[in-house]
Amino acid sequence: MSEEKSLNFLEEIVEEDIEAGKYKSIMTRFPPEPNGYLHIGHAKSICLNFGLANKYGGKTNLRFDDTNPVTEDTEYVDSIKADVKWLGFDWEHELYASDYFDKLYEYAINLIKKGLAYVDDSSSEEIAMQKGTPTEAGKENKYRNRSTDENLKLFEEMRDGKYQDGEKVLRAKIDMASPNMHMRDPILYRIKHAHHHRTGDKWVIYPMYDFAHGQSDSIEHITHSICTLEFVPHRQLYDWLIEKLDIFPSKQYEFARLNMTYTVMSKRKLLQLVNEGYVSGWDDPRMPTLSAYRRRGYTPDSIREFCERIGVQKRENLIDVGLLEYCVREHLNKIALRRMVVMDPVKLIITNYPSGKTEELPSENNPEDETAGSRMLPFSAELWIEREDFMEVPAKKWFRLAPGSMVRLKNAYIIKCTEFKKDSAGNIAEIHCEYIPESKSGADTSGINVKGTIHWVSADHALKAEIRLYDRLFKVENPASEEGDFKDYVNADSLHIIKEAIIEPSLISAKAGDKFQFIRKGYFCLDTDSTEDKLVFNRTVTLKDTWAKESKK
RNA sequence: UGGCCUAUAGUAUAAUGGUAGUACGACAGAUUUUGGUUCUGUUUGUCGAGGUUCGAAUCCUCGUAGGCCAACCA
């Protein structure tokens with residue numbers, strides 16, 4: 001048997017906790033804020049949370065961290081649910097931090113009664129000023145010592161809408177001199193006269209993240225609350241609140257978020273790309289969102305495999321986007337049906353093949369999967385082939401078509417180039433060949449060995465489709481770390497549209513989302529923009545192209 | 001100039017005081033009716049200086065480098 005796979009640091013923590021008898025079973029949660037679409041970075045978190053629970057016989061809740069009504073929306077709730085499902089995970093309960101607003105209000109009262117929270121009338125500027133700096137202690141203000149009764153009354157009035165936005169806040173009373181800025185009397189509740197996507201106009205005060213997240217974890221008896229590194233300094237406050245409130249002791253653990261080359265990974269930045277028209281929407285196939293990957297033809301399996309391979313640790317990382325591409329190729333290679341498509345066509349005429357004759361040639365759908373079966377491909381004397389498969393003056397190690405050279409037409413015959421014609425502009429207009437009748441695929445008695453095999457589509461039977469080729473959205477490896485605005489590094493050539501590619505006839509029956517390998521070209525999937533009379537294919541990812549590398553030498 | 005987190009091939013990630021391994025990449029070759037896939041081989045690493053120890057990537061000390069923290073965002 002193979003060796004046991006080593007545990008990541010989160011699995012180690014869970015195993016230790018279970019062995020120590022700390023918990024009977026574990027509970028995790030995935031806690032998105034519904035203010036944007038999920039991206040590949042969230043996939044890492046989803047796989048971690050659901051994966052951990054799965055592995056150790058626990059459950060995972062989907063909980064929306066909806067404590068800021070001005071940025072949140074049900075559109076995002078719906079997309080997030082769809083994306084988590086698509087990735088292949090089932091949550092135990094669908095929950096919302098807003099489900100707990102009443103409970104949270106009680107918790108706040110509890111703290112006030114214990115003398116651990118107070119209402120502050122300072123403006124946000126004053127509060128920032130009094131907070132000090134990382135190297136300078138903050139100052140306590142006069143509101144800090146209000147009586148419990150006064151705090152209770154004021155907080156109630158806040159809830160009842162007696163004050164305007166920003167007039168008052170509720171703060172924890174901890175330590176204005178703490179070296180941890182988050183312990184310098186953090187704000188617990190603020191006033192927002194805003195309509196909430198779920199609670200409507202019931203509330204005008206809303207809890208801050210720090211007074212909602214840990215409490216929600218605790219209410220749900222989350223045993224292991226996993227979040228990203230930037231929340232490390234919040235942990236002290238997370239623990240403080242749980243201790244003072246004397247509620248279920250959820251524990252927070254932090255991991256390093258995913259960063260990937262040639263992409264940005266913040267909802268704020270992605271929103272800018274959408275709003276400022278750099279892309280067509282959250283699901284533009286160039287975006288790193290899950291909805292975009294889905295539309296582009298990525299499979300959930302490949303994304304889960306990617307998350308598995310990148311591992312998890314506490315150090316900052318920048319993952320090569322090539323690894324994601326490797327994962328999707330690996331999966332698509334196994335499942336994608338092979339089809340022949342010519343993107344930049346040039347006419348090829350087989351001079352010794354009877355004009356008007358058509359043959360049906362059997363072609364396997366996927367050499368990696370016998371059960372995928374085969375289809376019949378029409379063949380005739382006039383074909384379309386790829387312009388780049390012919391070279392008037394062949395390069396070194398070139399084994400495609402050139403004057404006098406032989407290649408095999410995939411699933412058909414070996415041909416020999418006898419002549420070519422150019423148009424007035426000097427472009428190759430037509431290539432003439434002779435075919436070897438005995439070289440038919442599957443019944444080759446010619447004894448001829450050729451090095452090159454090229455794809456083709458019979459001209460009489462050809463159909464047309466639009467093909468969208470995508471390149472990376474950014475020109476630099478790490479746009480977020482470059483000088484100036486990240487949008488200055490957007491790749492202007494990230495989308496190339498081929499209006500009329502030549503496709504083999506069987507593709508007419510493709511359904512949106514269907515995945516194909518266009519032989520020698522890459523993996524493609526039928527886009528949702530397709531209509532009855534117009535097929536649109538997205539290139540998911542190219543094939544590995546060692547010739548491209550070789551020819552650059 | 002406070003506090004916290006982190007440091008292993010190009011990129012990630014193992015080794016839990018006892019032979020520094022794996023994947024992706026790169027390079028070379030074999031196979032191939034996709035210059036795809038598959039297979040084989042090669043390449044490159046413990047941030048630095050001290051210390052503890054028979055033995056240190058691992059423990060300790062001091063540096064160095066990077067990241068995070070001063071939103072009524074999450």
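This passage describes selected features of a predicted protein model with an RNA strand. Because the model is predicted, local features need pLDDT of at least 70 and side-chain atom pairs count only at pLDDT 80 or more, whereas totals for chains, interfaces and linings use all residues. Residues are numbered from 1 along each chain as its sequence is written, chains are lettered from A and ligands numbered from 1 in the order in which they are written, and side-chain values use heavy atoms, with hydrogens and water left out.

RNA strand B is surrounded by 66 residues, of which the closest are E12, T135, R400, S441 and Q517; a residue is near a strand if one of its heavy atoms lies within 4 Å of it. Of the atoms of RNA strand B that come within 4 Å of the protein, 64% belong to sugar and phosphate. By class, the surface near the strand comprises 22 nonpolar, 21 polar and 23 charged residues, where Ala, Val, Leu, Ile, Met, Phe, Trp, Tyr, Cys and Pro count as nonpolar, Asp, Glu, Lys and Arg as charged, and the others, Gly among them, as polar. At least two residues of this surface come from each of α5 (124-130), β6 (187-191), α11 (300-310), α12 (321-335) and α13 (546-551); helices (H or I, at least four residues) and strands (E, at least two) are DSSP runs, numbered from the N terminus.

Individual atom pairs were also examined. An N or O atom in the side chain of R309 is 2.6 Å from a sugar or linking oxygen of RNA strand B, and a backbone N or O atom of I310 lies 2.8 Å from a sugar or linking oxygen of the strand. At G442, a polar backbone atom is 3.1 Å from a base oxygen of RNA strand B.

In helix α1 (residues 9-19), the buried residues are F9, L10, E11, I13, V14 and D17; buried means under 20% relative accessible area, exposed over 50%, and partly exposed in between (1.4 Å probe, protein chains only). The elements covering these residues include α2, β8 and β9 (251-255). At the start of α1, the backbone nitrogen of L10 has a side-chain oxygen of N8 within 2.9 Å, and just after the helix G21 takes a positive phi of about 75 degrees.

Two further residues were considered. E157, in helix α6 (residues 148-159), counts as buried because its relative accessibility is 13%. Beyond its neighbours within four places in sequence, E157 is in contact (heavy atoms within 4.5 Å) with K162 and Y163. F399 is placed in the loop between β15 (382-386) and β16 (406-409) and, at 41% relative accessibility, counts as partly exposed. Residues up to four places away in sequence aside, F399 touches V407, K451 and G452.

The second largest pocket has a volume of about 1,000 Å³. Its lining has 39 residues, and E33, Y209, E230, F231 and K267 are the closest to its centre. On a 1 Å grid over the protein atoms alone, a pocket is an open set of points with protein on both sides within 12 Å along at least five of seven lines, a cavity is a set where a 1.4 Å probe fits but cannot get out, and lining residues have an atom within 4 Å of a point. Grid points are joined across faces, edges and corners, and a volume is the space filled by probe spheres set on the points. The largest cavity, of about 40 Å³, is lined by Y209, D210, H213, G214, H234, L237, Y238 and Q252.

Terms used
A polar contact is a pair of N or O atoms within 3.5 Å; within protein, one must be able to donate a hydrogen and the other to accept it, and residues adjacent in sequence count only if both atoms are side-chain atoms.
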